[in-house]
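Biologist: I'd like to go through this one with you, one question at a time. Could you put it up on the screen?

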Amino acid sequence: MSNYHIKHLEEYYQVYRKSVREPHNFWEEIAEEHFLWRKKWDTVLSWDFSKPEITWFEGAELNITENCLDRHLATRSDKTALLFEPNNPDEPAQHITYKQLYHQVNKMANVLKSKGVRKGDRVCVYLPMIPELAVAVLACARIGAIHSVVFAGFSSTALATRINDANCSLVITSDGAYRGAKTIDLKGIVDDALNSCPDVKTVLVVKRIHSKITMKPNRDCWLQPLLDAAPNEAKAEVMKAEDPLFILYTSGSTGKPKGMVHTTAGYMVYTAYTFKNVFQYKENDVYWCTADIGWITGHSYIIYGPLCNGATSVMFEGVPSYPDFGRFWDIIQKHKINQFYTAPTAIRALAKNGTELIDTYNLSSLKVLGSVGEPINEEAWHWYNDNVGKRKSPIIDSWWQTETGGIMISPLPYVTPTKPTYATLPFIGIQPCIMDEHGTELQNNQVEGRLCIKFPWPSMARTIWNDHKRYKDTYFSTYKNMYFTGDGALRDEVGYYRITGRVDDVIIVSGHNLGTAPIEDAINEHPAVSESAIVGFPHEIKGHALYGYVTLKEKGESRDHNNLRNEINQIITEHIGPIAKLDKIQFTPSLPKTRSGKIMRRILRKIAEKDTSNLGDISTLLNPECVQDIIKEAL
Ligand code: WTA
C-alpha cells in the first residue's frame, strides 16, 4: 500500500507511527514506488550522530534529473513544468513544458561539458530569477557537477568568499537583473568578485537586460550562442546516492558562511514526498513559491520537489511591490494559482498596504497558503487567512532550515487542523524533541525549550563543505545524539509545535538569516570604528531589524555621526549586501562586557527592544556603569 499521499488526519497518524517505528521499511517503500533508480540500494539507512555520519539509500544509483524530467516525458511532455512570470507584467509569461525544459537542460549540460566541467566539479550560479537559473541548476545535476547557487543580492565580497570556499571553476551569471523599476549590474559584481578568485576559468553570461558590460577575453562567453549550437540530448551521469548534489551557504553565528552539503537520493525522496503532501499537489494544479532559488526554499520547493512530482511550478522574477502592491494578486489571478507559498515578511509588507488592491482581484483559485522563513505573528496570520485565503485556504506554517533540506514541521492542508502561529505537527518520519538547557529532554506537553531532532531524515545536510568538524560542533555537540536546530520551540497541550525564534546569534531579517559576527567584522573595518555589537529588534515588516552598537576610536569621535552611519552601512553593503544594513546605529563610549571580555549581547538586545525593566544581574560585568549610559542614549 502506498503511503505517498496522505489525505486525512487519521491516515497521518497511522503513517507517522509507521515511519517512526519502522523507518527503514517505511522509507524503502516510498523510495521504491515513486522514483526512478538506475540501481536500488543495499542499505536504506546507516547513521551515527556522534561522528556524525549519515547515509541514506547507500549503494543506489540514480540521476535526479531523470526523476525531474525524463520520466515525465511519456505522460507530461506538453505539460508546463516552469511558468516564468517576468519582472515587467507587460512582458509575456513563458510556459516551459517538460519536453522543452528537458531539452534546455540537456543543451546547458552539453555546454558545461564543453567548457570542461566534470562530475564533482563545483559550478557557481549567480543569476536572477529567470528560467536559465533553474536550467543551470538542473544541468549541473545532469552531469554530476555540484551547483553552488549564490543569491543575486549578495555583494561581490560575499560572492568571492563563496566561490573560493567551494573552489568553483565556472560561474554562470547574467549581464544584469531587473528588480522592480531598477536594474542591477550583476556582471559588474561578478567582475569585482573574480579579481580575488584565481581559479575561475570560465564565466557564462546570460543576456537579460541588454546592458553594456565588459567581457573578459578567454574567460567570459555569452551563453545563448553556445546553447544554440549544443545538442539537445545529454547523457545523465549515473550518480551514487550519497554523491553531493549541491552546496548552499547559510550564515553561522560566527565566522564565515557554512557551505551546507546536500546529497542526491535522500534529498530527492524527501523533497518530493514533502512537496506532494504539504501542498496537497494534484495533477493540474499551478503552484507558486515566491522564494528566490538562491535560498533553500527555492531549491527544494521551486525546482526539485515540484519537478519530481511532475508539477507546474511558477518562477517570478520581480518583487511584490512592482508595478504596485497588487502584483502578487495579479499573478495569482492571471495564472490561477492553486498553492501559494511565501514569507511572513512579504505578508506584513502587503498587509501594510491595505486590502483595497487585493479586493480587485479574483483569488478564488487558491486552495493552500504557505508560510516559511521565520515565525509568522498572529496579526499577519489572520490577515493572510482573512484577505488572501478568504478563510477557505488552510495556512501551512512550515518550519525547516537550509540544513534540513525539506519541510520538517508543518500542517498538511485539509488534514491537520491549523492554529495561528503554530507549525503544528512533525512531518512523516521526523522526530522532534524539546530539550532544556541542561540537556534533558522535556517529555511532556506544555513545555518550552530548545528544538532538536532525534533521528535522521533523508534530506538532512551531510556535512559543511571542507569543514566536517564545524558541522559536528554546530549541530551535534550541544546535545548528545541529537541534531540541534538553533531554534527555540514550545509544545502545547495537544502536541503542536510553535517555533519561538533563534537561540543563537543568528538574526532573521525579512526571512534572511544573518549572522552577527560577519556584520561586526565588516563594521570593524571602518577606520574610525573600534568595536561593534549587533543585535536584533522587532520590526513591523522585517520581523527583526538590525541594531548596531558601535564604539569609536578617538579620531572618530569628532566626526559627524550621520556621515559615519552612512559609511558603516556602505561597508556592510560592500561586504555582505544591502540586506544586512543596520536600521539603527548607536554610538557609545563602551560596550558591556563580562570579566572574560565577552560582549553581553543579552543586555544590548533588551535595550534595543526597549525592555529595560529586567536586565538581570549586571553586577558581574566588567563595566556595569556603561549600561545606564547606553540606556539613556538608546535610539
Ligand atoms: C526560521 C528556511 C518559525 C528558523 C527554510 C530556522 C522559521 C531558520 C520557520 C532557517 C517557521 C524557518 N516558523 N521560524 N515556519 N521557517 N524559520 O536556513 O529560525 O533560511 O532555523 O531556511 O528560519 O532559515 P533558512
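What follows is a short chat about confidence, the ligand and two residues.

Biologist: What average pLDDT does the protein chain have?

Modeller: Keep in mind that this is a predicted model. pLDDT is the predictor's confidence in each residue, from 0 to 100. Here 99% of the residues score at least 70, and the chain average is 95.

Biologist: And what ipTM does the predictor give the complex?
Modeller: There are two scores for the complex. The pTM is 0.93, and the ipTM is 1.00.

Biologist: Which residues come nearest to the ligand?
Modeller: There are 17 residues around the ligand. By type, that shell splits into 7 nonpolar, 6 polar and 4 charged residues. The ones that come nearest are Asp397, Ser398, Thr402, Asp487 and Arg502.

Biologist: Which helix and which strand each supply at least two residues of the shell around the ligand?
Modeller: Look at residues 296-308 for the helix and 497-502 for the strand. Those two elements are α11 and β26.

Biologist: How far is an oxygen atom of the ligand from an N or O atom in the side chain of Arg502?
Modeller: Let's go through some polar neighbours of the ligand. A backbone N or O atom of Pro375 sits 3.3 Å from a ligand nitrogen, and a polar side-chain atom of Asn513 is 3.2 Å from a ligand oxygen. For the side chain of Arg502, the distance to a ligand oxygen is 2.8 Å.

Biologist: How much of the area that the ligand exposes when taken alone does the protein bury?
Modeller: Start with the ligand by itself, which exposes 530 Å². Add the protein, and the buried part of that area is 96%.

Biologist: Is Tyr341 buried or exposed?
Modeller: Tyr341 belongs to strand β18, residues 339-342. Its relative accessible area is 0%. The cut-off for buried is under 20%, so Tyr341 counts as buried.

Biologist: Which residue's side chain does a polar contact of 2.7 Å join to that of Tyr341?
Modeller: We've met this partner already, as one of the residues that come nearest to the ligand. The 2.7 Å polar contact runs from the side chain of Tyr341 to that of Ser398.

Biologist: Last one: leaving aside neighbours within four places in sequence, which residues is Asn569 in contact with?
Modeller: Asn569 is in helix α18, which covers residues 561-575. Asn569 is buried too, because its relative accessible area is 14%. Skipping the neighbours within four places in sequence, its contacts are Lys581, Leu582 and Ile585.

Terms used. Residues are numbered from 1 along each chain as its sequence is written. This is a predicted model: local features need pLDDT of at least 70, side-chain atom pairs count only at pLDDT 80 or more; totals for chains, interfaces and linings use all residues. Side-chain values use heavy atoms; hydrogens and water are left out. A residue is near a molecule or strand if one of its heavy atoms lies within 4 Å of it. A polar contact is a pair of N or O atoms within 3.5 Å; within protein, one must be able to donate a hydrogen and the other to accept it, and residues adjacent in sequence count only if both atoms are side-chain atoms. Accessible areas come from the Shrake-Rupley method with a 1.4 Å probe; for residues, only the protein chains shown count as cover. Helices (H or I, at least four residues) and strands (E, at least two) are DSSP runs, numbered from the N terminus. Ala, Val, Leu, Ile, Met, Phe, Trp, Tyr, Cys and Pro count as nonpolar, Asp, Glu, Lys and Arg as charged, and the others, Gly among them, as polar. Buried means under 20% relative accessible area, exposed over 50%, partly exposed in between (1.4 Å probe, protein chains only). Contact means heavy atoms within 4.5 Å.
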